[in-house]
Amino acid sequence: MTPVQLELVRASYSSLPDGGAAMAAAFYRNLFEVAPEARGLFATEPDVMAVKFSAELAAIVEAITSYETFAQRVRELAVRHVGYGVQPHHYRAVGQALIRALAAHLDESWDGELEAAWQRAYNLVAELMMDAAERQDERA
């Protein structure tokens with residue numbers, strides 16, 4: 001990611017009202033629409049998941065400028081998600097759901113440059129998570 005993309009991601013996330021909770025709720029609606037089978041991966045109510053998701057995403061966005069901190073956080077997240085039953089094919093649906101939710105909640109500032117920055121950030125997270133999950137599976 002370029003420094004400009006990093007700043008776009010950070011600034012746009014911080015501009016979301018309510019700490020991103022409404023965007024996170026939209027993310028789950030989108031996810032269950034795109035991948036209905038993913039609903040079975042969650043035991044918690046959607047509003048509780050949305051609060052956790054927005055807090056985790058905020059922490060990742062904050063850490064993204066320090067690669068080592070960011071990568072460690074994402075790898076730890078991946079290991080937890082292996083325990084939840086997340087599979088590699090879920091990452092595509094998650095990316096679609098996240099980009100749709102962000103676009104809807106950043107509507108006035110959403111443009112091709114911001115979308116590309118978020119897509120790049122998500123791809124980085126997903127790649128690190130899938131790599132860490134694969135390594136976890138190899139150890140098991």
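How much space lies in the largest pocket? In this predicted model, the largest pocket holds about 810 Å³ of space.

## Largest pocket

The lining of the largest pocket is made up of 31 residues. Those nearest the centre of the pocket are Tyr28, Phe42, Phe53, Leu77 and His81. Five helices each give two or more residues to this lining: H2 (21-34), H3 (46-63), H4 (67-84), H5 (90-105) and H6 (112-139). Helix H3 provides the largest share, with seven residues.

By residue class, the lining of the largest pocket contains 25 nonpolar residues. The remainder of the lining is three polar and three charged residues.

## Aromatic pairs and cluster

A pair of aromatic rings is described by the distance of the centres and the angle of the planes. The structure holds eight aromatic pairs. One of them joins Phe27 and Tyr28, with 4.8 Å from centre to centre and 70° between the planes. This pair is edge-to-face because the angle of 70° is over the cut-off of 60 degrees. Phe27 and Tyr28 are both buried.

Phe27 and Tyr28 also belong to one aromatic cluster, together with Phe32, Phe42 and Phe53. Among the members of this cluster, Tyr28, Phe42 and Phe53 are also listed with the residues nearest the centre of the largest pocket.

## The Tyr67–Phe70 pair

Another aromatic pair is formed by Tyr67 and Phe70. Its ring centres are 6.2 Å apart and its planes meet at 50°, a tilted arrangement. Tyr67 and Phe70 are three residues apart in helix H4, so about one helical turn separates them.

Are the two residues of this pair buried or exposed? Tyr67 has a relative accessible area of 41% and is therefore partly exposed. Phe70 has a relative accessible area of 1%, so this residue is buried.

## Glu68 in helix H4

Glu68 is also placed in helix H4, the helix that holds Tyr67 and Phe70. The relative accessibility of Glu68 is 58%, so this residue counts as exposed.

How far apart in space are Glu68 and Leu106? The distance from C-alpha to C-alpha is 28 Å. Along the sequence, 38 residues separate Glu68 and Leu106.

Terms used: Residues are numbered from 1 along each chain as its sequence is written. This is a predicted model: local features need pLDDT of at least 70, side-chain atom pairs count only at pLDDT 80 or more; totals for chains, interfaces and linings use all residues. Side-chain values use heavy atoms; hydrogens and water are left out. On a 1 Å grid over the protein atoms alone, a cavity is a set of points where a 1.4 Å probe fits but cannot get out, and a pocket is an open set with protein on both sides within 12 Å along at least five of seven lines; lining residues have an atom within 4 Å of a point. Grid points are joined across faces, edges and corners, and a volume is the space filled by probe spheres set on the points. Helices (H or I, at least four residues) and strands (E, at least two) are DSSP runs, numbered from the N terminus. Ala, Val, Leu, Ile, Met, Phe, Trp, Tyr, Cys and Pro count as nonpolar, Asp, Glu, Lys and Arg as charged, and the others, Gly among them, as polar. Rings of Phe, Tyr and Trp (its six-membered ring) pair if their centres lie within 6.5 Å; planes under 30 degrees apart count as stacked, over 60 as edge-to-face and the rest as tilted. Buried means under 20% relative accessible area, exposed over 50%, partly exposed in between (1.4 Å probe, protein chains only).
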